[in-house]
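Trainee: Could you take me on a close look at one single strand and what surrounds it? I would like to follow one part step by step rather than hear about everything at once.

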Amino acid sequence: MKVTTISLLAGSVLTLGMTAASANDVYCSDYGGLINEHVNDKVIADVDCTIGMDGYVDNDIEADGKSVTVFGTVNGNIKQWGRKGVAVDGGSVDGNIEEKDAGGVSIALAEDDSINGDVKEEGPGNVIAVIDGLFNGNISEKGRGDLKTSGDGMFNGNTKEENRGKCSNTIEYFDGNACE
């Protein structure tokens, strides 16, 4: 890391860390599209990217036109834009999921799985969430897509369809406002 020291008139010293924001980013292609280990850096999905059952990303994931599939754990936000989408299939996410454009969001949480964060889909893609685990956050769909939540798990939050799409909820334990 390049460090710059600036002396101020009052005799104080100010030290600024000067690094590029992407200096520590890693690319999913470096892992052959499948991350099955602990990664502390931000992941750039330059190919369709899967976080395997043994994968643990302790930072954000960004995907431009590539899909993101989570079977493991993500402790950060997932941002995806473009024609592909985001799928959480039996994994856990402690952060927000944001999908823009034509792709959608698919969530399938088993009994021991969880999401702690909001899900936001903007565009014609759908949000389908089967919650048999724990979901703490809000889900919103803004665009032509539909929003459907179901399952035997616990949902703490709100769901909202903001445009022409349809919204339905059949989650057994729902604490919040469904389909605002």
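Mentor: Happy to! Let us start with a term we will need: two strands pair if DSSP finds at least two bridges between them. Keep in mind, too, that this is a predicted model.

Our part is strand β9, which covers residues 61-64. Which of its side chains are buried, and which are not? Ile 61 and Ala 63 point to one face and are buried, while Glu 62 and Asp 64 point to the other face and are not. That fits a general pattern: in a regular strand the side chains alternate between the two faces of the sheet.

Now look at the neighbours of β9. With strand β6 (residues 43-45), β9 pairs in the parallel sense over three bridges. Here Ala 63 of β9 is the bridge partner of Ala 45. Strand β12 (residues 78-81) also runs parallel to β9, and four bridges join the two. Ile 61 stands opposite Ile 78 in β12, and Ala 63 stands opposite Gln 80 in that strand. Ala 63 is therefore a handy residue to click on, because it is buried, under 20% relative accessible area, and it has a partner in β6 as well as one in β12.

Step back a little and you can place β9 in its sheet. Eight strands form an open sheet with parallel pairing, in the order β3-β6-β9-β12-β15-β18-β21-β24. At the edges are β3 (26-27) and β24 (159-161), each of which pairs on one side only.

Next, turn to the other face of β9 and find Glu 62. Is Glu 62 buried, partly exposed or exposed? Its relative accessibility is 22%, so Glu 62 counts as partly exposed. Glu 62 forms a salt bridge with Lys 42, and the closest N and O atoms are 3.7 Å apart. Lys 42 lies in the loop between β5 (38-39) and β6, whereas Glu 62 is in strand β9, so this pair ties together parts that are 20 residues apart in sequence. In general, side chains of opposite charge can pair when their charged atoms come close.

How many salt bridges does the structure hold? There are five. Another of them joins Asp 48 and Lys 84, with the closest N and O atoms 2.9 Å apart. This pair links distant parts of the chain, 36 residues apart: Asp 48 is in the loop between β6 and β7 (49-51), and Lys 84 is in the loop between β12 and β13. Asp 48 counts as partly exposed because its relative accessibility is 34%, and Lys 84 also counts as partly exposed, at 36%. The side chains of Glu 98 and Lys 100 meet in a salt bridge as well, at 3.3 Å from N to O. To come back to our strand, salt bridges that share partners join Asp 25, Lys 42 and Glu 62 into one network.

So here is the picture to keep of β9: Ile 61 and Ala 63 are buried on one face, β6 and β12 are its parallel partners, and on the other face Glu 62 forms a salt bridge with Lys 42.

How values were computed:
Residues are numbered from 1 along each chain as its sequence is written. This is a predicted model: local features need pLDDT of at least 70, side-chain atom pairs count only at pLDDT 80 or more; totals for chains, interfaces and linings use all residues. Side-chain values use heavy atoms; hydrogens and water are left out. Buried means under 20% relative accessible area, exposed over 50%, partly exposed in between (1.4 Å probe, protein chains only). A salt bridge is a side-chain nitrogen of Lys or Arg within 4 Å of a carboxyl oxygen of Asp or Glu.
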